[in-house]
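This report describes selected features of one molecular structure. The sequence and the model are shown first.

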Amino acid sequence: MKFDNIKDVRRLRFRGLFQHIVLIFFSLIALFPIALIIMNSFKLKKYIFAAPFALPNAKTFSLIGYETVLQRSNLIINFENSIIVTVVSLFFILFFGSMAAFALSGYKFRGNAFLGFYLSIGIMIPIRLGTVSLLKLMSSLGLVNTLIGLILIYIAQGLPLTIFILTSFMSQIPDELKDAGRIDGASEYRIYSLVLPLVKPAIGAIGIFTMIPIWNDLWFPLIVAPSARTATITLGVQQFLGQYVSDWNAVLSALVLAMVPILILYLIFSRQMIRSVTAGAIKA
Amino acid sequence: MLDLHGRRTFPAFLVVFLGPAIVCYTLFMMYPLVESLVLSFFSVQPDNSYVFSGFANFVKLFTDSDMAPRFWGALKNNLFFFFIHMLVQNPIGLLLASLLVTKGKGRGFYRTVLFMPTVLSVVIIGFIWQLILNPLWGVAESMMRIVGLGKFFQPWLGLPEYALPTTALISVWQFIGIPMILFYTALIGIPDELIEAAVVDGCTESQVFWRIKFPLILPTIGIVSVLTFVGNFNAFDLIYTMKGALAGPSYSTDIMGTLFYRTFFGQQLQLGNPSMGATVATMMFLIILIGVLLYMFLFQRRVKTYQL
């Protein structure tokens, strides 16, 4: 575009400024509550109330809340449980999901379309609606209050979308590539292991998007594994906050401890996350 | 696959590839879903056995003097919860997305910040806002005073007429990132040449948006709407965290998720009832199904007409 007169230039500059103002405004709304909690978690109780908007300084600084949380809560165990549940579920979702997607995208067989449809029902229908019989099933298998019970549910929950997305990525891989492998005498299993690295970016993105809801879930830990030994971080924090609701230092510190790991992970991967969403959409 | 005689076969390796996923998905997702639907036609006996009872559970849910007001109330609240998201979350998400696709400094930074609340757990978000709106701490009140609105502050979460809109807006605050990213993706997918051609032809900015961009992102509007619908009618964590299973004050924040939980597990003096819980879940299933079918009917056909 060419700008013939100074008026156009000025109008564009004004518009750029306006865009910044709107974006800054909404960014502040998004950041402020999080920043406020982090800031105040490092203050003495007196100053949390006297000067909530001030940054902690030498006079107001205190770690008393964090001490209470570490002594009184099971947060360490909760973290361990969450990490085990999330990592194991994620591994099996990606492993089983990529195998199924490989089969659905690579071979024409009887029932292919039906299986694709059957597996995609779970994308729209939330697994929570089956909770009543899921709990019955878990108790008949003796898996209530175990991490295995939670893991099995999360694998089932994560598979449909994973298979759907990976199938569309894998069907873009040219058949010649696979046929070349077959001519060299590779088995179908070997070909699967050759295809897998080619969809690595998609697997990474699905991994992150599957991980967050598992880590953050409250419903199934509350219903299937509520015991102190098996509570995940989301449930643990929820119970701790309910118990210590009047201890402001402890509440603020527990909130910070619960959100910091996911925030760090997000800040490291946010670029890849958003890039992969946009890349996937352009392809589709 | 075809064998030498042209017949379709099902080789062993396909069983290995598909087996684990299908077994897991069927056993822990589809089977419980179907059994749950079936259970809603049975009633639990005192000895924990189930007896077929036809539509009795549904009749009870719709007409019983204890249950019916809770069910219709939760449904009404849930619809309101959904409309707030449609009217506030999705338009602002679209606004933010259309600002993010403009060329300028710091777009990556804004995108990261605006999406941040979405990755946090609803439990954390619920508590953060509970603290901020708490009159004891007075953070919200003093912020409103700064902009001269101090006298309008009220303990919204405790007032029956304000509690539901307040929780809905907190949910909007958290999940604005999802429509934003989906719209952003759709907008950057629109070819530059298309916009340039329209500008050369003398289209004004609003014409470019309404005549070109809007029709092209219509499929995304459909996806965002159906995702919002399914998410809202499945919501539970936020209300449970902020208002407990009783969804107070006086059930004013009760939605389908909290009703389901209470019916299944019981509350205070009332015992839980698995088959009534399954009945509420079946209603949620039907509501979500209607939403999804409506989406497929309205949008899946339109998509084709606007495809390039």
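The sections below take up the chain interface, a nonpolar core, a helix pair and a single residue of this predicted model.

## Contact between the chains

In this predicted model, 60 residues of chain B are in contact with 67 residues of chain A. On the side of chain B that touches chain A, at least two residues each are supplied by helix 1 (12-39), helix 3 (67-100), helix 4, helix 5 (122-133), helix 8, helix 11 (237-243) and helix 13 (274-306) of chain B. The largest share of that side comes from helix 1 of chain B, which provides 15 residues.

By class, the side of chain B that touches chain A comprises 46 nonpolar, ten polar and four charged residues.

## The largest nonpolar core and the domains of chain A

The largest nonpolar core holds 155 residues, and those that touch the most other members are A:Ala100, A:Ile153, A:Ala156, A:Ala254, A:Leu255, B:Ile124 and B:Met284. Helix 7 (residues 147-170) of chain A gives the most to this core, namely 14 residues. Residues up to four places away in sequence being set aside, A:Ala156 touches A:Ile127 together with B:Cys24, B:Tyr25, B:Phe28 and B:Met29.

The domain assignment of chain A gives domain 1 (6-63) and domain 2 (73-243), and the core draws at least three residues from each of these two domains. Taken over C-alpha atoms, the centres of domain 1 and domain 2 of chain A are separated by 38 Å.

## Helix 4 and helix 8 of chain B

Two packed helices are described by the angle between their axes and the distance between the axes. For helix 4 (residues 107-119) and helix 8 (residues 177-188) of chain B, the axes come within 8 Å and cross at roughly 130°, which means that helix 4 of chain B is oblique to helix 8 of chain B.

Helix 4 of chain B contributes B:Leu114, B:Phe115, B:Pro117 and B:Thr118 to the contact, while helix 8 of chain B contributes B:Gly177, B:Ile178, B:Met180 and B:Ile181. The residues of this contact divide into six nonpolar and two polar, with no charged residue.

## The surroundings of B:Leu94

B:Leu94 lies in helix 3 of chain B, and this residue is buried, because 23 other C-beta atoms lie within 10 Å, where the cut-off for a buried residue is 20 or more.

Leaving aside neighbours within four places in sequence, B:Leu94 is in contact with B:Pro179 and B:Phe183. B:Leu94 and B:Gly148, by comparison, are 54 residues apart in sequence and 30 Å apart in space, C-alpha to C-alpha.

Technical notes: Residues numbered from 1 in each chain as written. Chains lettered and ligands numbered in written order. Predicted model: local features only at pLDDT ≥ 70, side-chain atom pairs only at ≥ 80, totals over all residues. Axes fitted to C-alpha atoms, helices over the stretch in contact; angles between N-to-C directions. Helix = DSSP H or I, 4+ residues; strand = E, 2+ residues; numbered from the N terminus. Parallel < 35°, antiparallel > 145°, perpendicular 65-115°, else oblique. Contact = placed C-beta atoms within 7 Å. Nonpolar A, V, L, I, M, F, W, Y, C, P; charged D, E, K, R; others polar. Core = buried A, V, L, I, M, F, W, Y, C linked by C-beta atoms within 7 Å. Buried ≥ 20, exposed ≤ 12 C-beta atoms within 10 Å, placed from the backbone. Domains from an automatic or database assignment.
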